[in-house]
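Reader: Before I go through this at the bench, I would like a plain tour. May I put a few questions to you once the sequence and structure are up?

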Amino acid sequence: MLRSILILACLGACAAPRPPQSAPVAEPLPHQWHTIGESVEGRPIQVATFGTGSRRVYVIGGIHGDERPGLENVDRLRELLRVDGFLGDTTVRLLRDVNPDGSEHRTRTNANGVDLNRNFPAQNFRPSDGRGPAPLCEPETQALAADLEAFDPDIVMVFHAARRGPFVNFNGPGRLLAERFARAAYDAVGDWRVVPDMGYATPGSLGSWLGDDRGLPVLTIEFGREQDPDVVWPGLEQALVKTLGPGAEDHLAR
Ligand SMILES: [Zn+2]
């Protein structure tokens, strides 16, 4: 579904993408981090792949550098995904952090001051200083878009944090998946809910692009802004068991 999604919107509007540093010489081992690109300041953007099932789920640990609870649980998530038999008929690609410069500096944006979650080639993209002059003009969004094209997911989940979190927002046909995620997390920690509408415009967001434009279920998972990662984990773990584990595929859209 995501074939041919990479567009050349950057041409003439911003600097050309950096060429890859070197061609991969071998398939990376399962479960191991490997680098798919670099941030503006040269930090690696890393992914790992788990399982061999037919349903393909892409999980992004963080995109806004000042939203910590998801990112701080990525290593736990990786360990969970490595457990034999945890995944049902599902293959998971886990991207650790699409904005490592923002995480280093504790900023929402990347090192160019661009909100990466406003820099995707959605129909509602609007150029500005904070969104970039053109979609995919940042090395981080280029790396993510290329890896999405290569992995060709059926479902995308991305971790954020918000003052009114925790909740799950969705784009595209993601309501059933969002409800299942929130119900499982609620049963573990008691305060999750589904919020279908964020209440403000999100031009150029990943959800706008892949969910609204491309018709993929996209879950935007908003932890509480200041939630302790140790408090977050039990709910997240149960939600992932119910949405990625054996039997989950029977309950999902697509
Ligand atoms: Zn966010």
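**Helix, metal site and contacts**

Reader: Which elements do the buried residues of α6 pack against?

Author: Helices and strands here are DSSP runs numbered from the N terminus, with at least four residues (H or I) for a helix and at least two (E) for a strand. Packing rests on contact, meaning heavy atoms within 4.5 Å. For the buried residues of α6 (buried: under 20% relative accessible area; exposed: over 50%; partly exposed: in between; 1.4 Å probe, protein chains only), the partners are β3, α1, β4 (90–95), β5, α4 (175–189) and β7.

Reader: What kind of model is this, and what is left out of the side-chain values?

Author: This is a predicted model, in which local features need pLDDT of at least 70 and side-chain atom pairs pLDDT 80 or more, whereas totals for chains, interfaces and linings use all residues. Residues are numbered from 1 along each chain as its sequence is written, and side-chain values use heavy atoms, leaving out hydrogens and water.

Reader: Which residues of helix α6 are buried?

Author: The helix covers residues 229–244. At its start, a side-chain oxygen of Asp228 comes within 2.7 Å of the backbone nitrogen of Asp230. The buried residues of α6 are Pro229, Val232, Trp233, Gly235, Leu236, Ala239, Leu240, Thr243 and Leu244.

Reader: Phe223 lies in strand β7; how far is Phe223 from Leu236 in space, C-alpha to C-alpha?

Author: Phe223 has a relative accessible area of 0%, so this residue is buried. Setting aside residues up to four places away in sequence, Phe223 touches Val232 and Leu236, and its other partners include Phe159, His160 and Trp192. Phe223 and Leu236 are 13 residues apart in sequence, and their C-alpha to C-alpha distance is 9.3 Å.

Reader: Which residues are the protein donors of the zinc ion?

Author: Donors are N, O and S atoms within 2.8 Å of the metal (3.2 Å for Na, K and Ca), and sites may look incomplete with water not among the atoms. The spacing of the donor residues in sequence is H-x2-E-x92-H. Lying 2.0 to 2.5 Å from the zinc ion, the protein donors are ND1 of His64, OE of Glu67 (listed twice) and ND1 of His160.

Reader: How many residues apart in sequence are the parts that Glu67 and His160 tie together?

Author: Glu67 is buried because its relative accessibility is 6%, and His160 is buried because its value is 4%. Glu67 sits in the loop between β3 (55–60) and α1, while His160 belongs to strand β5 (residues 155–162), so the pair ties together parts whose separation in sequence is 93 residues.

Reader: Is Ser103 buried or exposed?

Author: Ser103 is placed in helix α2 (residues 100–105). Not counting residues up to four places away in sequence, Ser103 touches Gly65, Arg68, Leu71 and Asp97. Its relative accessible area is 11%, so Ser103 is buried.

Reader: With which side chain does Asp75 make a polar contact of 3.1 Å?

Author: Asp75 is found in helix α1 (residues 74–82), and at a relative accessible area of 43% Asp75 is partly exposed. Leaving aside neighbours within four places in sequence, Asp75 is in contact with Trp33 and Arg96. A polar contact is a pair of N or O atoms within 3.5 Å; within protein, one must be able to donate a hydrogen and the other to accept it, and residues adjacent in sequence count only if both atoms are side-chain atoms. The side chain that Asp75 reaches in this way is that of Arg96.
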